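Work through the following exercises with the sequence and the model side by side, and try each task before you read its solution.

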Amino acid sequence: MHEVNIAIIPARGGSKRIPRKNIKDFCGKPLIAYSIEAALQSGLFDKIIVSTDDEEIATVAKQYGAEVPFLRPRELSDDFTGTIPVIKHAIEATCKDQTLLKAVCCIYATAPFVQPYYIQEAYAKLKSTQSAYAFSATTYAFPIQRAIKLTHDHVEMFDSKHFSTRSQDLEEAYHDAGQFYWGTPEAWMEEKIIFAPHSTAVLLPRHLVQDIDTGEDWVQAELMYKALHENTLQS
């Protein structure tokens, strides 16, 4: 039987800080549309599945070319459920028809900057390195070794020994870009943690990375998107 690649886009309906975030209009399209379109344009997927508990999100997802073969159960749709159990459930639901999986890519529904090229690059790296996962990452804009914390009215460094260390002498640090996570079926089903030595990463430029968790994040993301796509949006 032919092995397939699938994309799974988690998109629950109960967003609190930005109500209906996954289908809220972002520069002319529902936010989730960007993730679906990037998956389609990558040319890597036999199925693009949206895992949601919400009928309206399901309808929008289908309009943009995704499949919604099931509704996610309530116990996997609260504020405390992590991504990996959601992907595991989607794999189990997809494989009921004996589908054989080659690789599975989780793409977040809140990633309007996701690019097909980086999805392709990460897939190639997953295969060439024989890793359990391959995900998107980017650099911190400021050296984390010189971070400070505020305790009441006072300031304290997390690591005071680096107070006088030059920035260029500090090891560069990276963080999850929050866009997509390729994984082997075995890694997802065994619920292996992603940020571990069995994983690899592709690096994104910082101007393509923006979390969208608050209203301020949303405004900044739209400004960034409009700056990047000024000519396209005007045509």
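**Exercise 1. A patch on the surface**

Which residues make a nonpolar surface patch of about 330 Å²?

Solution. The model is a predicted one, in which local features need pLDDT of at least 70 and side-chain atom pairs count only at pLDDT 80 or more, while totals for chains, interfaces and linings use all residues. Residues are numbered from 1 along each chain as its sequence is written, and side-chain values use heavy atoms, with hydrogens and water left out.

Step 1: recall that patches are made of residues with over 30% relative accessible area and no salt bridge, where like charges are joined within 9 Å and nonpolar side chains (Val, Leu, Ile, Met, Phe, Trp, Tyr) within 5 Å; accessible areas come from the Shrake-Rupley method with a 1.4 Å probe, and for residues only the protein chains shown count as cover.

Step 2: the residues that make this patch are Ile148, Leu150 and Val155.

Step 3: take Leu150, which sits in strand β7, residues 148-151; helices (H or I, at least four residues) and strands (E, at least two) are DSSP runs, numbered from the N terminus. Leu150 has a relative accessible area of 66% and is therefore exposed, given that buried means under 20%, exposed over 50%, and partly exposed in between (1.4 Å probe, protein chains only).

**Exercise 2. Pairs of opposite charge**

State how many salt bridges the structure holds, and describe the one between Asp54 and Arg20.

Solution. Step 1: side chains of opposite charge can pair when their charged atoms come close. A salt bridge is a side-chain nitrogen of Lys or Arg within 4 Å of a carboxyl oxygen of Asp or Glu, and the structure holds eight of them.

Step 2: in the salt bridge between the side chains of Asp54 and Arg20, the distance from N to O is 2.8 Å. This pair links distant parts of the chain, 34 residues apart, with Asp54 in the loop between β4 (47-51) and α2 (55-63) and Arg20 in the loop between β1 (3-10) and β2 (25-26).

Step 3: compare the surroundings of the two partners. Asp54 counts as buried because its relative accessibility is 14%, whereas Arg20, at 29%, counts as partly exposed.

Step 4: turn to Glu190 and Lys192, which form a salt bridge whose closest N and O atoms are 3.9 Å apart. Glu190 counts as exposed at 53% relative accessibility, while Lys192 is partly exposed, with a relative accessible area of 33%.

**Exercise 3. Two helices that pack**

Describe how helix α1 (residues 31-42) and helix α4 (residues 116-129) pack.

Solution. Step 1: the axes of α1 and α4 are 8 Å apart, and the angle is about 60 degrees; axes are lines fitted to C-alpha atoms, for helices over the stretch in contact, and angles run from 0 to 180 degrees between N-to-C directions.

Step 2: this angle makes α1 oblique to α4, because angles under 35 degrees count as roughly parallel, over 145 as roughly antiparallel, 65 to 115 as roughly perpendicular and the rest as oblique.

**Exercise 4. Positive phi**

Locate Gln130 and His152, and state the phi of each.

Solution. Step 1: Gln130 lies in the loop between α4 and β6 (133-139), and although Gln130 is not a glycine, its phi is positive, about 55 degrees. Gln130 is exposed, with a relative accessible area of 74%.

Step 2: His152 lies in the loop between β7 and β8 (154-157), and its phi is near 55 degrees, a positive value in a residue other than glycine. At 77% relative accessibility, His152 counts as exposed.
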